[in-house]
Amino acid sequence: MTQFMTFAVLQSRPIADRPALTGRLARRLALPVMLLALLSIASAAHADVGATIIERCTHGQSLSGFSQQDYRRALQELPAEVEEYSDCANLIRRAQLAAAGGGPSAGGEGAPLALSPVERAALRRVPSTGSGAVQVGGQLIRPGIVHANVASALSSLPSPLLAILAFLLACGLVLAGSSIRNRVRAHRSS
């Protein structure tokens, strides 16, 4: 019990009685501590830029005033849900293009989208002449011709949907048979 009391007494002595960091040690520690504090603040602010752009986009606010690197970061950080259920990816690309001086602002209608290098390469590979047959994966593909049969179309449908279609077909056949039977009986009785 006396050890606890001694500890409490040592911790409760006035600040003036505690040893202070003074002299060379304080000067040596001051600069690294300040640099670490500044770096942590700057990195936290810089890391938030992508999230800020995404948040502004989802709330319908202006996306102008950011750097190209910030727009790239926002596109990289864009959650799948936001990309799938909103037009934020296109709006961010439009704002990126506008910031580069290549087009209208992010909110403008009909603004051209900036293409990535991969998309540009894919567009260059697209033939610009006619609609002739193309060799793809060892097969000759002709535009306008769909090579599918009913079996392949039905086999790709989910089982519950196939069951519903079969039930509807059976109901249609019963109704058609009932209608034909009623007409035949009406014709016989007249």
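1. Let's start with helix α5 and its length. This is a predicted model, and a quick check on the helix works out well: at 1.5 Å a residue, its twelve residues should span 16 Å, and the C-alpha atoms at its two ends are 16 Å apart, which agrees. After α5 comes Gly101, and the phi of this glycine is positive, near 85 degrees.

2. Which residues of α5 are buried? They are Cys88, Ala89, Ile92, Arg94, Ala95, Gln96 and Leu97. Keep three of these names in mind, Cys88, Ile92 and Gln96, since the next points come back to them.

3. Take Ile92 next. Leaving aside neighbours within four places in sequence, Ile92 is in contact with Ile53, Leu63, Tyr71, Ala74, Leu75 and Leu78. Several of those names turn up again when you look at the largest nonpolar core, which has 14 residues. The members that touch the most other members there are Ile53, Leu63, Tyr71, Leu78 and Ile92. As for where the core comes from, α2 (24-58), α3 (68-77) and α5 each supply at least two of its residues. If you are wondering about the general pattern, nonpolar side chains tend to be buried together in soluble globular proteins.

4. Now have a look at Gln96, which sits in helix α5 (residues 88-99). Is Gln96 buried or exposed? Its relative accessibility is 12%, and buried means under 20%, so Gln96 counts as buried. Once you set aside the neighbours within four places in sequence, the residues in contact with Gln96 are Gln68, Tyr71, Arg72 and Leu75. Tyr71 and Leu75 are worth finding on screen, as both are also among the contacts of Ile92.

5. How many disulfides does a search of the whole structure find? The search finds one. Cys57 and Cys88 form this link, with their sulfur atoms 2.2 Å apart. Cys57 lies in helix α2 and Cys88 in helix α5, so the pair ties together parts that are 31 residues apart in sequence. The angle about the S-S bond is -115 degrees, and the link of Cys57 and Cys88 is left-handed. In case the term is new to you, a disulfide is a covalent bond between the sulfur atoms of two cysteines.

6. One last check on the cysteines: how much of each is accessible? Cys57 has a relative accessible area of 7%, so Cys57 is buried. Cys88 is buried too, with a relative accessible area of 2%. Cys171, at 30% relative accessibility, counts as partly exposed.

How values were computed: Residues numbered from 1 in each chain as written. Predicted model: local features only at pLDDT ≥ 70, side-chain atom pairs only at ≥ 80, totals over all residues. Heavy atoms only, no water. Helix = DSSP H or I, 4+ residues; strand = E, 2+ residues; numbered from the N terminus. Buried < 20%, exposed > 50% of the residue type's maximum accessible area, 1.4 Å probe, protein only. Contact = heavy atoms within 4.5 Å. Core = buried A, V, L, I, M, F, W, Y, C linked by side-chain atoms within 4.5 Å. Expected span 1.5 Å × (residues − 1). Disulfide = S-S within 2.5 Å.
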